[in-house]
Amino acid sequence: MKESNPKFLKNWVLKKHNKTFPYWFKDTIFADENASKTLRKLGDGPKRNVITWQGYNINKYSFCTKVQDEKNTMQSSGVTLRAESQHFASVHDDNPCVASIPYFGFIEEIWELNYVKFIVCVFKCKWVDSNTGVQTNDV
């Protein structure tokens, strides 16, 4: 992407890359005769029908949505994740830094994506705003 657009700022290149990656990935995988079946299934995308769950077990861990969690005595909708990504100080910044940032939140929806040969579970999460912190309401 950078080679095709050498005059554009890195921030613009990164956004363009993220937007066009799925199409590039599919074209590249299907042009490669030696690509594995798994990569071809990923390139083709999942089935159109998506199964949703209120709770899901993965590797002996149980997860549930916030709505389902409110019915339980034990919480299992809380999630945390440490993501490493490029960050820019501003739109005009051409020197991104890589930072590892922790995110905290809860699961809103659980989706099961079926790629025929394998299944991928995806959580849609509501993340805490790390700038303002957690809000508490008096009840």
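Here are some notes on this predicted model, going through its salt bridges, core, surface patch and a few backbone oddities.

1. Salt bridges, the count. The structure holds two of them. Lysine 26 pairs with aspartate 44, and the closest N and O atoms there are 3.9 Å apart. That pair ties together distant parts of the chain, with lysine 26 in helix H1 and aspartate 44 in helix H2 (residues 37-44), 18 residues apart. If you plan to look at this contact, keep in mind that the cut-off is 4 Å.

2. How covered is the 26/44 pair? Aspartate 44 has 48% relative accessibility, so it counts as partly exposed. Lysine 26 also falls in the partly exposed class, because its relative accessibility is 35%.

3. The other bridge. Glutamate 109 and lysine 124 form a salt bridge whose closest N and O atoms are 3.6 Å apart. Here too distant parts of the chain are linked: glutamate 109 sits in strand S5 (residues 97-114) and lysine 124 in strand S6, 15 residues apart. Glutamate 109 is partly exposed, as its relative accessible area is 32%. For lysine 124 the value is 37%, so this residue is partly exposed as well.

4. Around lysine 124. What does this residue touch, once residues up to four places away in sequence are set aside? Its contacts are Phe106, Ile107, Glu108, Glu109 and Trp111. Strand S6, where lysine 124 is placed, covers residues 119-127. As for serine 100, its C-alpha atom is 21 Å from that of lysine 124, with the two positions 24 residues apart along the chain.

5. The core. Which residues make up the largest nonpolar core? Five residues in all: Tyr56, Val79, Ile107, Ile110 and Cys125. In soluble globular proteins, nonpolar side chains tend to be buried together. One core member, isoleucine 110, has a long contact list beyond residues up to four places away in sequence, including Ile51, Trp53, Tyr56, Phe63, Cys64, Cys121 and Phe123. Ile107, another core member, is also on the contact list of lysine 124.

6. Before helix H1. Asparagine 5 lies in the segment preceding helix H1 (10-31). Is asparagine 5 buried or exposed? Its relative accessibility is 16%, under the 20% limit, so asparagine 5 counts as buried. A polar atom of its side chain lies 3.1 Å from the backbone oxygen of methionine 1. Leaving aside neighbours within four places in sequence, asparagine 5 is in contact with Trp12 and Val13.

7. A nonpolar patch. Met1, Phe8, Leu9 and Trp12 make a nonpolar surface patch of about 340 Å². Phenylalanine 8 is also in the segment before H1, and at 40% relative accessibility it counts as partly exposed. Two names recur here: asparagine 5 has Trp12 among its contacts, and methionine 1 offers its backbone oxygen to the 3.1 Å pair.

8. Positive phi angles. Most residues other than glycine have a negative phi. Lysine 60 is not a glycine, yet its phi is positive, about 70 degrees. You'll find lysine 60 in the loop between strand S2 (55-58) and strand S3 (61-64), and with 88% relative accessibility it counts as exposed. Valine 116 has a positive phi too, about 75 degrees, and is not a glycine either. Its place is the loop between S5 and S6. Valine 116 is exposed, since its relative accessible area is 53%.

Technical notes
Residues numbered from 1 in each chain as written. Predicted model: local features only at pLDDT ≥ 70, side-chain atom pairs only at ≥ 80, totals over all residues. Heavy atoms only, no water. Helix = DSSP H or I, 4+ residues; strand = E, 2+ residues; numbered from the N terminus. Buried < 20%, exposed > 50% of the residue type's maximum accessible area, 1.4 Å probe, protein only. Polar contact = N/O pair within 3.5 Å; in protein donor to acceptor, adjacent residues only side chain to side chain. Contact = heavy atoms within 4.5 Å. Core = buried A, V, L, I, M, F, W, Y, C linked by side-chain atoms within 4.5 Å. Salt bridge = Lys/Arg side-chain N within 4 Å of Asp/Glu carboxyl O. Patch = residues over 30% accessible without salt bridge, like charges linked within 9 Å, V, L, I, M, F, W, Y side chains within 5 Å. Areas by Shrake-Rupley, 256 points an atom, 1.4 Å probe, with all protein chains shown as cover.
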